[in-house]
Amino acid sequence: MAPSTRKKSNQSCQTHLQQHHQLTATSHTFAFTNISFLCLYTGAKSAENMPRPGAIKTHLPFHLAPWSEQAKYIHIARNPKDCCVSYYYHHKSHVFTGNFDDFFEMFLSGDINFGDYFDHLLGWYEHRNDPNVLFLTYEEMKENPEVAVLKIAEFIDEKKYAEPLKTDSEKLNNIVKYSSFQHMKKVVNKGADENEKSNKEKLPGEITNTSNQGKETDKEKQNKSHMARLVRKGIIGDWRSHFSTEQSERLKEKFIERTKGTDIENIWGKCM
(Lines give C-alpha, C1' and ligand atoms only; values in the text may rest on other atoms or scores of the structure.)
Protein backbone atom coordinates (compact mmCIF):
# COMPACT_ATOMS: atom_id res chain seq x y z
CA MET A 1 0.00 0.00 0.00
CA ALA A 2 1.33 3.41 -0.93
CA PRO A 3 2.29 5.74 1.94
CA SER A 4 -0.33 8.25 0.80
CA THR A 5 -3.14 5.74 1.11
CA ARG A 6 -5.64 6.22 3.92
CA LYS A 7 -7.57 3.07 4.75
CA LYS A 8 -10.86 2.93 6.63
CA SER A 9 -12.81 0.09 8.16
CA ASN A 10 -16.39 0.24 9.37
CA GLN A 11 -19.34 -1.95 10.32
CA SER A 12 -21.62 -1.34 7.35
CA CYS A 13 -23.53 1.35 9.05
CA GLN A 14 -21.16 4.28 9.37
CA THR A 15 -21.34 7.86 8.13
CA HIS A 16 -18.74 9.07 5.72
CA LEU A 17 -17.41 12.09 7.56
CA GLN A 18 -13.98 10.52 7.45
CA GLN A 19 -14.12 10.18 3.67
CA HIS A 20 -13.48 13.88 3.32
CA HIS A 21 -10.06 13.51 4.89
CA GLN A 22 -8.52 15.79 2.30
CA LEU A 23 -10.43 18.49 4.10
CA THR A 24 -11.54 20.62 1.21
CA ALA A 25 -15.06 21.62 0.20
CA THR A 26 -14.30 22.22 -3.46
CA SER A 27 -16.08 19.05 -4.60
CA HIS A 28 -19.18 17.77 -2.83
CA THR A 29 -19.01 14.45 -4.68
CA PHE A 30 -15.30 13.76 -4.14
CA ALA A 31 -15.95 11.17 -1.47
CA PHE A 32 -18.24 9.15 -3.72
CA THR A 33 -16.10 9.18 -6.87
CA ASN A 34 -12.50 8.95 -5.67
CA ILE A 35 -12.61 6.29 -2.98
CA SER A 36 -11.65 2.68 -3.53
CA PHE A 37 -14.01 0.12 -2.01
CA LEU A 38 -12.12 -3.14 -1.41
CA CYS A 39 -15.29 -5.13 -0.79
CA LEU A 40 -16.62 -4.58 -4.32
CA TYR A 41 -15.63 -6.55 -7.40
CA THR A 42 -13.00 -3.95 -8.36
CA GLY A 43 -11.01 -4.96 -5.29
CA ALA A 44 -7.28 -4.29 -5.07
CA LYS A 45 -7.13 -3.00 -8.64
CA SER A 46 -9.20 0.05 -7.76
CA ALA A 47 -6.84 0.80 -4.87
CA GLU A 48 -3.83 0.60 -7.17
CA ASN A 49 -5.36 2.97 -9.69
CA MET A 50 -7.03 5.49 -7.38
CA PRO A 51 -5.87 9.14 -7.06
CA ARG A 52 -3.26 9.92 -4.40
CA PRO A 53 -3.65 10.86 -1.63
CA GLY A 54 -6.75 8.75 -1.34
CA ALA A 55 -8.95 6.68 0.92
CA ILE A 56 -9.75 2.98 0.78
CA LYS A 57 -13.06 1.88 2.27
CA THR A 58 -13.77 -1.62 3.51
CA HIS A 59 -16.08 -3.61 5.77
CA LEU A 60 -13.41 -6.24 6.38
CA PRO A 61 -12.54 -7.42 9.89
CA PHE A 62 -9.02 -6.68 11.07
CA HIS A 63 -7.62 -10.15 10.39
CA LEU A 64 -8.66 -9.95 6.73
CA ALA A 65 -7.79 -6.32 6.06
CA PRO A 66 -4.52 -5.64 4.18
CA TRP A 67 -2.08 -4.17 6.69
CA SER A 68 0.71 -1.65 6.19
CA GLU A 69 2.64 0.39 8.72
CA GLN A 70 2.67 3.17 6.13
CA ALA A 71 -1.12 3.38 5.90
CA LYS A 72 -3.45 5.03 8.40
CA TYR A 73 -6.61 3.22 9.45
CA ILE A 74 -9.79 4.90 10.66
CA HIS A 75 -12.29 2.48 12.17
CA ILE A 76 -15.87 3.59 12.81
CA ALA A 77 -17.84 1.47 15.28
CA ARG A 78 -21.55 1.72 16.02
CA ASN A 79 -23.57 0.33 18.91
CA PRO A 80 -24.78 -3.19 18.05
CA LYS A 81 -28.51 -2.49 18.31
CA ASP A 82 -28.55 0.37 15.82
CA CYS A 83 -26.03 -1.49 13.71
CA CYS A 84 -28.39 -4.47 13.55
CA VAL A 85 -31.26 -2.29 12.32
CA SER A 86 -29.12 -0.48 9.78
CA TYR A 87 -27.67 -3.72 8.48
CA TYR A 88 -31.16 -5.21 8.21
CA TYR A 89 -32.20 -2.46 5.80
CA HIS A 90 -28.93 -2.84 3.93
CA HIS A 91 -29.68 -6.52 3.40
CA LYS A 92 -33.29 -5.78 2.46
CA SER A 93 -32.07 -3.47 -0.28
CA HIS A 94 -30.16 -6.39 -1.81
CA VAL A 95 -31.39 -9.99 -1.67
CA PHE A 96 -32.67 -10.61 1.86
CA THR A 97 -36.41 -11.36 1.84
CA GLY A 98 -37.07 -12.10 5.51
CA ASN A 99 -38.44 -9.80 8.18
CA PHE A 100 -36.59 -8.10 11.03
CA ASP A 101 -37.14 -11.00 13.42
CA ASP A 102 -35.45 -13.31 10.92
CA PHE A 103 -32.52 -10.97 10.47
CA PHE A 104 -32.13 -10.43 14.21
CA GLU A 105 -31.46 -14.14 14.69
CA MET A 106 -28.87 -14.06 11.91
CA PHE A 107 -27.20 -11.00 13.42
CA LEU A 108 -27.11 -12.55 16.89
CA SER A 109 -25.54 -15.75 15.55
CA GLY A 110 -23.02 -13.85 13.42
CA ASP A 111 -24.35 -15.46 10.23
CA ILE A 112 -24.23 -12.28 8.12
CA ASN A 113 -22.10 -10.67 5.44
CA PHE A 114 -18.58 -9.88 6.65
CA GLY A 115 -19.05 -12.10 9.69
CA ASP A 116 -19.87 -11.69 13.35
CA TYR A 117 -20.36 -8.12 14.59
CA PHE A 118 -18.48 -8.76 17.83
CA ASP A 119 -15.52 -10.45 16.13
CA HIS A 120 -15.30 -7.40 13.88
CA LEU A 121 -15.59 -4.91 16.74
CA LEU A 122 -13.10 -6.62 19.04
CA GLY A 123 -10.59 -7.23 16.26
CA TRP A 124 -10.23 -3.53 15.50
CA TYR A 125 -10.66 -2.43 19.11
CA GLU A 126 -7.59 -4.41 20.13
CA HIS A 127 -5.56 -2.17 17.82
CA ARG A 128 -7.10 1.14 18.91
CA ASN A 129 -3.82 2.30 20.44
CA ASP A 130 -1.67 1.45 17.43
CA PRO A 131 -0.02 4.65 16.15
CA ASN A 132 -1.61 4.28 12.72
CA VAL A 133 -5.14 3.38 13.92
CA LEU A 134 -7.88 5.83 14.91
CA PHE A 135 -10.87 4.22 16.62
CA LEU A 136 -14.02 6.37 16.52
CA THR A 137 -17.68 5.70 17.19
CA TYR A 138 -20.59 6.65 14.98
CA GLU A 139 -22.28 8.20 17.99
CA GLU A 140 -19.46 10.61 18.84
CA MET A 141 -19.27 11.68 15.21
CA LYS A 142 -23.00 12.40 15.16
CA GLU A 143 -23.04 14.19 18.50
CA ASN A 144 -20.01 16.41 17.91
CA PRO A 145 -18.94 16.41 14.24
CA GLU A 146 -16.58 19.38 14.66
CA VAL A 147 -14.51 17.49 17.23
CA ALA A 148 -14.56 14.35 15.09
CA VAL A 149 -13.37 16.21 11.99
CA LEU A 150 -10.49 17.79 13.90
CA LYS A 151 -9.56 14.44 15.44
CA ILE A 152 -9.40 12.88 11.98
CA ALA A 153 -7.41 15.80 10.59
CA GLU A 154 -4.91 15.59 13.46
CA PHE A 155 -4.57 11.86 12.97
CA ILE A 156 -3.84 12.14 9.26
CA ASP A 157 -1.51 15.14 9.39
CA GLU A 158 -1.61 17.75 12.16
CA LYS A 159 0.32 20.44 10.30
CA LYS A 160 -1.14 19.91 6.84
CA TYR A 161 -4.80 19.37 7.72
CA ALA A 162 -5.61 20.18 11.35
CA GLU A 163 -3.86 23.52 11.74
CA PRO A 164 -5.64 25.16 8.77
CA LEU A 165 -9.00 24.12 10.21
CA LYS A 166 -8.17 25.44 13.65
CA THR A 167 -7.33 28.86 12.23
CA ASP A 168 -10.13 29.08 9.66
CA SER A 169 -13.61 28.38 10.99
CA GLU A 170 -15.13 28.65 7.51
CA LYS A 171 -13.08 25.69 6.30
CA LEU A 172 -14.08 23.65 9.33
CA ASN A 173 -17.76 24.56 8.90
CA ASN A 174 -17.63 23.54 5.24
CA ILE A 175 -16.13 20.16 6.10
CA VAL A 176 -18.81 19.59 8.71
CA LYS A 177 -21.54 20.65 6.29
CA TYR A 178 -20.45 18.56 3.32
CA SER A 179 -19.59 15.57 5.51
CA SER A 180 -22.93 15.66 7.29
CA PHE A 181 -25.41 12.81 7.16
CA GLN A 182 -28.01 15.17 5.68
CA HIS A 183 -25.76 16.13 2.78
CA MET A 184 -24.65 12.57 2.15
CA LYS A 185 -28.27 11.41 2.11
CA LYS A 186 -29.17 14.08 -0.42
CA VAL A 187 -26.26 13.25 -2.73
CA VAL A 188 -26.38 9.47 -2.51
CA ASN A 189 -30.15 9.06 -2.71
CA LYS A 190 -30.36 11.47 -5.63
CA GLY A 191 -27.95 9.20 -7.45
CA ALA A 192 -30.00 6.14 -6.47
CA ASP A 193 -33.18 7.77 -7.80
CA GLU A 194 -31.46 8.62 -11.08
CA ASN A 195 -30.18 5.05 -11.44
CA GLU A 196 -33.64 3.66 -10.70
CA LYS A 197 -35.18 5.95 -13.31
CA SER A 198 -32.55 4.92 -15.84
CA ASN A 199 -33.20 1.22 -15.16
CA LYS A 200 -36.95 1.66 -15.65
CA GLU A 201 -36.38 3.37 -18.99
CA LYS A 202 -34.06 0.59 -20.15
CA LEU A 203 -35.99 -2.40 -18.79
CA PRO A 204 -39.59 -1.33 -18.27
CA GLY A 205 -40.97 -4.84 -18.50
CA GLU A 206 -38.60 -6.36 -15.97
CA ILE A 207 -38.65 -3.46 -13.55
CA THR A 208 -42.32 -2.51 -13.45
CA ASN A 209 -44.09 -5.83 -14.07
CA THR A 210 -46.24 -6.50 -10.98
CA SER A 211 -48.89 -8.72 -12.57
CA ASN A 212 -48.05 -11.59 -10.22
CA GLN A 213 -48.03 -9.50 -7.08
CA GLY A 214 -50.88 -8.84 -4.70
CA LYS A 215 -52.00 -5.37 -3.77
CA GLU A 216 -49.42 -3.67 -1.56
CA THR A 217 -50.33 -2.18 1.77
CA ASP A 218 -49.30 1.38 2.60
CA LYS A 219 -46.67 0.01 4.97
CA GLU A 220 -45.23 -2.26 2.26
CA LYS A 221 -45.05 0.67 -0.14
CA GLN A 222 -43.28 2.73 2.50
CA ASN A 223 -40.81 -0.08 3.16
CA LYS A 224 -40.12 -0.48 -0.54
CA SER A 225 -39.40 3.23 -0.74
CA HIS A 226 -36.91 2.86 2.12
CA MET A 227 -35.23 -0.10 0.42
CA ALA A 228 -34.63 1.90 -2.73
CA ARG A 229 -32.45 4.33 -0.80
CA LEU A 230 -29.03 3.49 0.53
CA VAL A 231 -28.94 6.23 3.15
CA ARG A 232 -31.90 6.02 5.50
CA LYS A 233 -32.15 7.78 8.90
CA GLY A 234 -28.73 7.84 10.51
CA ILE A 235 -30.16 8.55 13.94
CA ILE A 236 -29.04 7.18 17.30
CA GLY A 237 -31.52 4.89 19.03
CA ASP A 238 -33.65 3.83 16.05
CA TRP A 239 -33.40 0.27 17.37
CA ARG A 240 -36.15 1.13 19.85
CA SER A 241 -38.69 1.19 17.03
CA HIS A 242 -37.67 -2.30 15.86
CA PHE A 243 -36.55 -4.39 18.83
CA SER A 244 -38.93 -6.27 21.10
CA THR A 245 -38.12 -6.28 24.82
CA GLU A 246 -36.86 -9.83 24.52
CA GLN A 247 -34.62 -9.02 21.55
CA SER A 248 -33.19 -6.01 23.37
CA GLU A 249 -32.31 -8.11 26.40
CA ARG A 250 -30.82 -10.94 24.34
CA LEU A 251 -28.52 -8.66 22.40
CA LYS A 252 -27.55 -6.79 25.55
CA GLU A 253 -26.60 -10.08 27.21
CA LYS A 254 -24.53 -11.04 24.17
CA PHE A 255 -22.88 -7.63 24.23
CA ILE A 256 -21.94 -7.95 27.92
CA GLU A 257 -20.69 -11.50 27.40
CA ARG A 258 -18.51 -10.69 24.38
CA THR A 259 -17.07 -7.40 25.68
CA LYS A 260 -16.33 -8.62 29.20
CA GLY A 261 -12.88 -7.52 30.33
CA THR A 262 -12.84 -4.47 28.05
CA ASP A 263 -14.16 -0.95 28.49
CA ILE A 264 -16.32 -1.20 25.37
CA GLU A 265 -19.49 -1.46 27.45
CA ASN A 266 -18.76 2.04 28.78
CA ILE A 267 -18.73 3.48 25.27
CA TRP A 268 -22.42 2.89 24.58
CA GLY A 269 -23.96 3.11 28.03
CA LYS A 270 -26.55 5.66 26.85
CA CYS A 271 -27.39 3.77 23.67
CA MET A 272 -27.98 0.27 24.99
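This is a short walk through a predicted model, with a few selections to make at each stop.

**Stop 1: helices 3 and 4**

Start by selecting residues 80-92, which form helix 3, and residues 100-109, which form helix 4. Turn the view until you can follow both axes: they come within 10 Å of each other and cross at roughly 120°. That angle makes helix 3 oblique to helix 4. As for handedness, the crossing of helix 3 and helix 4 is right-handed.

Now show side chains where the two helices meet. On the helix 3 side, pick Pro-80, Cys-83, Cys-84, Val-85, Tyr-87, Tyr-88 and His-91. Facing them from helix 4 are Phe-100, Phe-103, Phe-104 and Phe-107. If you colour this contact by residue class, you will find 10 nonpolar residues, 1 polar residue and no charged ones.

**Stop 2: Lys-166 in helix 7**

Next, select residues 145-167, which make up helix 7, and pick out Lys-166 within that helix. Is Lys-166 buried, partly exposed or exposed? Its relative accessible area is 45%, so Lys-166 counts as partly exposed.

Which residues does Lys-166 touch, once those up to four places away in sequence are set aside? They are Leu-150, Glu-154 and Glu-158. Try a distance label between the C-alpha atoms of Lys-166 and Leu-150: these residues are 16 apart along the chain, and the two atoms are separated by 8.0 Å. Then look at Glu-154, whose side chain makes a polar contact with the side chain of Lys-166 at 2.9 Å.

**Stop 3: helix 8**

Move along to residues 169-178, the span of helix 8. At the start of helix 8, show Asp-168 and Glu-170: a side-chain oxygen of Asp-168 reaches to within 3.1 Å of the backbone nitrogen of Glu-170. Then highlight Leu-172, Ile-175, Val-176 and Tyr-178, which are buried residues of helix 8.

**Stop 4: Thr-259 in helix 12**

For the last stop, select residues 245-259, helix 12, and zoom in on Thr-259. You may want to hide any surface display here, because Thr-259 has 0% relative accessibility and counts as buried.

Where does the side chain of Thr-259 reach? Show the backbone of Phe-255 and look at its oxygen, which the Thr-259 side chain reaches at 2.6 Å. Finally, add Ile-264 and Glu-265 to your selection: both are in contact with Thr-259, leaving aside neighbours within four places in sequence.

Terms used: Residues are numbered from 1 along each chain as its sequence is written. This is a predicted model: local features need pLDDT of at least 70, side-chain atom pairs count only at pLDDT 80 or more; totals for chains, interfaces and linings use all residues. Side-chain values use heavy atoms; hydrogens and water are left out. Axes are lines fitted to C-alpha atoms, for helices over the stretch in contact, and angles run from 0 to 180 degrees between N-to-C directions. Helices (H or I, at least four residues) and strands (E, at least two) are DSSP runs, numbered from the N terminus. Angles under 35 degrees count as roughly parallel, over 145 as roughly antiparallel, 65 to 115 as roughly perpendicular and the rest as oblique. A crossing is left-handed if the near helix is turned anticlockwise from the far one by less than a right angle, and right-handed if clockwise. Contact means heavy atoms within 4.5 Å. Ala, Val, Leu, Ile, Met, Phe, Trp, Tyr, Cys and Pro count as nonpolar, Asp, Glu, Lys and Arg as charged, and the others, Gly among them, as polar. Buried means under 20% relative accessible area, exposed over 50%, partly exposed in between (1.4 Å probe, protein chains only). A polar contact is a pair of N or O atoms within 3.5 Å; within protein, one must be able to donate a hydrogen and the other to accept it, and residues adjacent in sequence count only if both atoms are side-chain atoms.
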